[in-house]
Amino acid sequence: MSYLRFEKALMTNLEEALPRELLRSNRSGAYSCSTIVDCNTRKYHGLLVVPIPGMDDDNHVLLSSLDVTVIQHGAEFNLGLHKYQGNNYSPKGHKYIREFDCDKVPTTIYRVGGVVLKKEVVFQHYEDRILLRYTLVDAHSATTLRFRPFLAFRSVRQFTHENPTASRDYQQVANGIKTCMYAGYPDLYMQFSKTNEFVFQPDWYRGIEYPKEQERGYSSNEDLYVPGYFEMNIKKGESIVFAASTKEIKPRTMAKLFQDEVDERSPRDNFFHCLVNAAHQFHNRTSKDERYILAGYPWFKCRARDTFIALPGLTLAIEEQDYFELVMKSAEKELRNFMAGKPAGKIYEMEQPDVPLWCVWAIQQYAKEAGIDKCFKMYGKLVEDIVRYIENGKHPNMKLDDNGLLRIDGKERAMTWMNSTANGRPVVPRTGYVVEFNALWYNVLKFCSKLASMNNDEKAVKKLEAMAEKTKASFVETFVNDYGYLFDYVDGNMMDWSVRPNMIFAVALDYSPLSADQQKSVLDICTRELLTPKGLRSLSPKSGGYNPMYVGPQSQRDYAYHQGTAWPWLGGFYMEACLKLYKRTRLSFVERQMVGYEDEMALNCLGTIPEMSDGNPPFRARGAMSFAMNVAEVLRTLNMLERYAYKK
């Protein structure tokens, strides 16, 4: 039995089926996404969603959906599904689904009387093209298929509505048409592998509703334009391929192209393979020589902090060292440009103060896989330059004080990963000495010292060790409190007593400024107050302001974003701390924690990990459907488990 397979009972139950989403992407940032019953529930959903660099920095929904109608003896059976206002669903094609399988490619089996129709979907790796293959598995009489495309031509952040500006013009191309609703957009090519008849029958389908947007407190309905429909006969055993793209394709190549894409896919037949597949979906290639990491789907871009935190898990943990090097090459270029005061590039938020610290951490993970010698050769100069840049006070948003600690001003602008804002100000105004920044800084100094020793630079080693000792002493004096945990941040005489997960980094990192007893105490408190099956809570239930339910309109969700929600990527560092302190004795405990993440494979967006979960049971998934740092840290944890399991 397939790992990701759902039977008729689930597929025909919309309460069970609609929360389950399916994401396919390519390397340009384009994607195809909907629910497993092909009913779009977000404004971000669409059969073909592509970036249009010449227009803006957003993705754009060109083709929202494709309704297929089976016709026999003059009777029509529409397999589509849309939600309209008033909780009305039409045409309820989900009732014909017999099973859904997502092992290699998403495959849906429909049964309409004596007709059995199979639909398979692939998103082409290096083109903005979605391919669907329809195979008539069984039929007892002549069968006709009718395809009706629903067009949007809009940003994922907006809606389209019936208007006189939308162009109805189209042109015939090989086995299909091309059309463009608005100036500035590329042509949309819709073609089939088989000759067909296109019937021009323009109309607007009004009042289509997206319940996920309703949940988030946004506008939630739009109108979609249907230019007409394609119609063709199909014989038993015959396959027809449909392609939607911004480029024309030769129909005779479509069948082979589809099969080639299928053959390239690796099966999602277990937890690990699902995560590997998800990891590859974050790959982003903007040119031949540039590689980036998307922070998540469907609305995140390439962000600096996310890139460096996610990079080791998305590459090194699955033995893809070459891709680490490609991404780091692009990221190093942009980081160096930032340190030189040059304009921002394609990676957002490079100015965040902990970005260079996370860059060194990522390089440190590379050293474990590639060896310290190769690491020094590849990145020794970069690590040295980062330390010098911070030491000399060049970073515009972070300063090194005489006591060896890093200080930021986060009162007016969010400067850490806890970056939600309300009324223009940070919800969690972490400022002054921030605990994970200084844990990372100590770790950076010690690692840089190790690299300097590779170069036999005794003077540099001595200086770095002295800096590290000063930082260590100040860290303990500043952050360790009498209750066995660490202050989240300290700003002058103001100490934040909130129990937050950021202190776990002081335990998990290779070099900790804490004693063994202090590390165990921090880990114990994280276990008691922050640990959930979906990662660490962003705030303890015992702390003031605990707000674990990420629901409601934007303002309400902003106040909950880092006030109790559970984050899987933090759980990765928690697991690392467990294994670091207790070695093999915690293997079974960490393995049990992995069950909470494996549950996500079939509950929300299939085969990946969502952005976060509510901090209270039943720990419902929230936010973005697929989040790079979460997938990365679960993969890195699985890799650590394997290493500790084989250690003697």
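Colleague: How many disulfides does a search of the whole structure find?
Modeller: Keep in mind that this is a predicted model. A disulfide is a covalent bond between the sulfur atoms of two cysteines. To count here, two cysteine sulfur atoms have to sit within 2.5 Å. Searching the whole structure on that basis, the number of disulfides comes to zero.

Colleague: Why is C578 not bonded to the closest cysteine sulfur, and which residue holds that sulfur?
Modeller: C578 is tucked away from solvent, buried at a relative accessible area of 0%. The gap from its sulfur to the closest cysteine sulfur is 9.3 Å, so that's too far for a bond. The residue holding that other sulfur is C526.

Colleague: And C605, how far is its sulfur from the closest cysteine sulfur?
Modeller: C605 is buried too, with a relative accessible area of 1%. The closest cysteine sulfur belongs to C33, but it's too far for a bond. The distance is 5.5 Å.

Colleague: Moving on to pockets, which residues are closest to the centre of the largest pocket?
Modeller: The largest pocket has a volume of about 820 Å³. Its lining takes in 32 residues, divided into 15 nonpolar, four polar and 13 charged. Closest to the centre are P19, K212, E215, N604 and R620.

Colleague: Which helix gives the most to the lining of the second largest pocket?
Modeller: That pocket holds about 660 Å³ of space, and 28 residues line the second largest pocket. Nine of the lining residues are nonpolar, seven polar and twelve charged. With three residues, from the stretch 554-560, the top contributor is helix α14.

Conventions. Residues numbered from 1 in each chain as written. Predicted model: local features only at pLDDT ≥ 70, side-chain atom pairs only at ≥ 80, totals over all residues. Heavy atoms only, no water. 1 Å grid on protein atoms, 1.4 Å probe; cavity = no way out; pocket = protein on both sides within 12 Å on 5 of 7 lines; lining within 4 Å. Points joined across faces, edges and corners; volume = space filled by probe spheres on them. Nonpolar A, V, L, I, M, F, W, Y, C, P; charged D, E, K, R; others polar. Helix = DSSP H or I, 4+ residues; strand = E, 2+ residues; numbered from the N terminus. Buried < 20%, exposed > 50% of the residue type's maximum accessible area, 1.4 Å probe, protein only.
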